[in-house]
Amino acid sequence: MIRLSKETFHRFQIRLGELGVSDRGRLHYVKWVRYYLDFEAKYGSGVPKAEILPQFLAKLRSKGQSSRLCEQARHAVEVYLAMGAGSDREGAEGMSGETRVVEEPSPEEVEVGGPTDGLSRYGRSPDSGSGSRGEWDQLVKMMGGEIQRRNYSSATLSSYVAWVRRFGQFTRFMPTEKVSDEEARDFLTNLAVEGRVVASTQNQAFNALLFLFRHVLKRDYEMEDRVVRAKTSKYIPTVLTRPEVDAVLRNLKFPYDLIVSMLYGCGLRLSECLELRVGDLDFSEDLVIVHDGKGQKDRSVPLPKKLRPEIESQVRRVEKLLKKDLEHPDFGGAFMPKTMGRRRAEREAKTLPRQWLFPAKGLTLVPDEGTYRRYHNFNQYLSKAIYAAVKKAKISKRVTPHTFRHSFASHLLAANVDLRTIQELLGHADIKTTMIYTHTVKSQTKKERVSPLDL
């Protein structure tokens with residue numbers, strides 16, 4: 001597959017960053033451009049330049065690519081061509097050499113945003129694009145700045161930007177000064193009626209547009225009673241029994257068995273577990289410190305005594321890996337939190353306490369710096385490993401990484417651990433969120449009415 005030159009790759013990454021494309025999304029954008037260049041080299045001879053992209057997109061659709069992925073491919077190629085780099089196909093994109101770079105997921109795995117099918121019921125075709133796309137790109141850039149200024153998580157940034165892009169497509173990229181809550185109402189209603197999205201997805205889109213109107217467009221956004229909302233269903237989480245947890249662990253290989261043990265043993269969210277650093281372990285007090293959890297909150301959870309020897313061995317592996325990385329002339333250390341000052345980040349990036357507890361296998365090129373950095377393990381690999389282990393264990397339940405956090409809470413509740421204590425361990429802001437686990441265990445309370453004096 002044709003590669004971009006290092007200079008073009010560098011400029012392309014900068015441009016995508018200006019447009020608010022996430023780090024993960026940029027990998028897919030590069031891949032789409034490379035697919036396009038291959039297509040142009042094979043079928044573009046004698047074809048007018050303006051017709052190559054439509055033919056490329058038609059080819060993707062014929063291969064079964066979804067409409068949202070075709071839209072992402074279109075946007076990637078248009079950004080690339082707008083840079084005036086359409087004839088640049090030489091060299092490498094900085095991803096070759098002895099140091100293996102983070103693997104690119106297949107395009108089928110990427111999630112760009114909300115559904116795209118059936119978005120023309122209210123008179124707005126998502127493919128017509130009669131407005132100014134550049135104006136919406138600038139709007140997305142402004143929104144990304146507002147989100148980062150408030151120190152929201154990268155997941156929130158990625159999802160909100162994706163929904164605003166989808167909203168712009170729905171309005172045919174109409175001038176932003178003419179966008180009102182009427183267009184937002186039609187978009188959200190369409191998601192519920194024709195898109196048939198679940199309530200959580202529609203609420204995410206609602207909040208993204210709420211942020212857009214209030215903090216970027218500086219306009220009123222009062223639509224609670226005027227939008228058809230997806231029906232909310234009562235959710236009871238899937239919980240594994242202890243024998244089922246053990247069966248899954250037996251069928252997992254390293255390091256995924258240790259990661260899942262941490263998910264279940266500490267009740268961590270997947271992102272919290274993968275983002276643990278060596279310095280977050282307090283062996284003297286047998287604690288795991290979770291920094292910047294959901295809602296940017298910190299908390300501590302007990303380190304399971306059963307896991308301590310394995311965790312100590314893992315720290316030694318990380319230490320050996322760091323020594324090997326330091327021999328690389330362009331090694332820049334681990335990726336550091338964006339909230340940390342630049343000088344401090346540069347000073348601590350190569351120290352052992354700042355290394356990921358579960359590091360990725362390869363280094364990642366950072367084009368803006370010209371260095372290679374180490375990232376943590378990737379959730380898609382863990383999810384695939386869990387799926388295979390559950391299948392081998394012949395468990396009929398739908399099991400995800402989050403299932404082990406549910407099992408952690410339910411098993412503690414079944415052991416008569418105080419609900420408030422479980423709330424603190426899980427990091428829930430509201431006790432009502434924790435109370436959902438009361439539906440996963442048998443009640444231990446007495447039903448007859450008695451006086452406490454008679455107990």
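Let me start with helix H8, whose buried residues are covered by, among others, helix H5 (133–149), H6 and helix H7 (181–193). This is a predicted model, so please hear everything that follows as computed from that prediction. The buried set in H8 comprises Ala199, Gln202, Ala205, Phe206, Ala208, Leu209, Leu210, Phe211, Leu212, Phe213 and Val216. As for its geometry, H8 runs over residues 199–216, which makes 18 residues, and from the first C-alpha to the last it reaches 25 Å, close to the 26 Å that one would expect at 1.5 Å a residue. Following the helix comes Lys218, and the phi of Lys218 is positive, near 60°.

From H6, one of the elements covering H8, I would like to pick out a single residue, Arg165, which sits within the helix, itself spanning residues 154–170. Which residues does Arg165 touch, once those up to four places away in sequence are set aside? They are Leu19, Val21, His75, Asp137 and Val140. Two of these contacts deserve a distance: a polar atom of the Arg165 side chain lies 2.7 Å from the backbone oxygen of Leu19, and the side chains of Arg165 and His75 make a polar contact at 3.5 Å.

Let me turn now to the strands, beginning with E5, residues 359–366, where seven of the eight residues are buried, so that the strand is largely enclosed by the rest of the structure. E5 pairs with strand E6, residues 371–376, in the antiparallel sense, and five bridges join the two. One of the residues involved is Val366, whose bridge partner in E6 is Thr371. The two strands form a hairpin with four residues between them, and in the turn Gly370 has a positive phi of about 70°.

Finally, the cysteines. How many disulfides does a search of the whole structure find? The number is zero. For Cys273 we can say why there is no bond: its closest cysteine sulfur, in Cys266, is 7.7 Å away, which is too far, given that a disulfide would need the two sulfur atoms within 2.5 Å. Is Cys273 buried or exposed? Because its relative accessibility is 0%, Cys273 counts as buried, and Cys70, with a relative accessible area of 5%, is buried as well.

Terms used:
Residues are numbered from 1 along each chain as its sequence is written. This is a predicted model: local features need pLDDT of at least 70, side-chain atom pairs count only at pLDDT 80 or more; totals for chains, interfaces and linings use all residues. Side-chain values use heavy atoms; hydrogens and water are left out. A polar contact is a pair of N or O atoms within 3.5 Å; within protein, one must be able to donate a hydrogen and the other to accept it, and residues adjacent in sequence count only if both atoms are side-chain atoms. Contact means heavy atoms within 4.5 Å. Buried means under 20% relative accessible area, exposed over 50%, partly exposed in between (1.4 Å probe, protein chains only). Two strands pair if DSSP finds at least two bridges between them. The expected span of a helix is 1.5 Å times one less than its number of residues.
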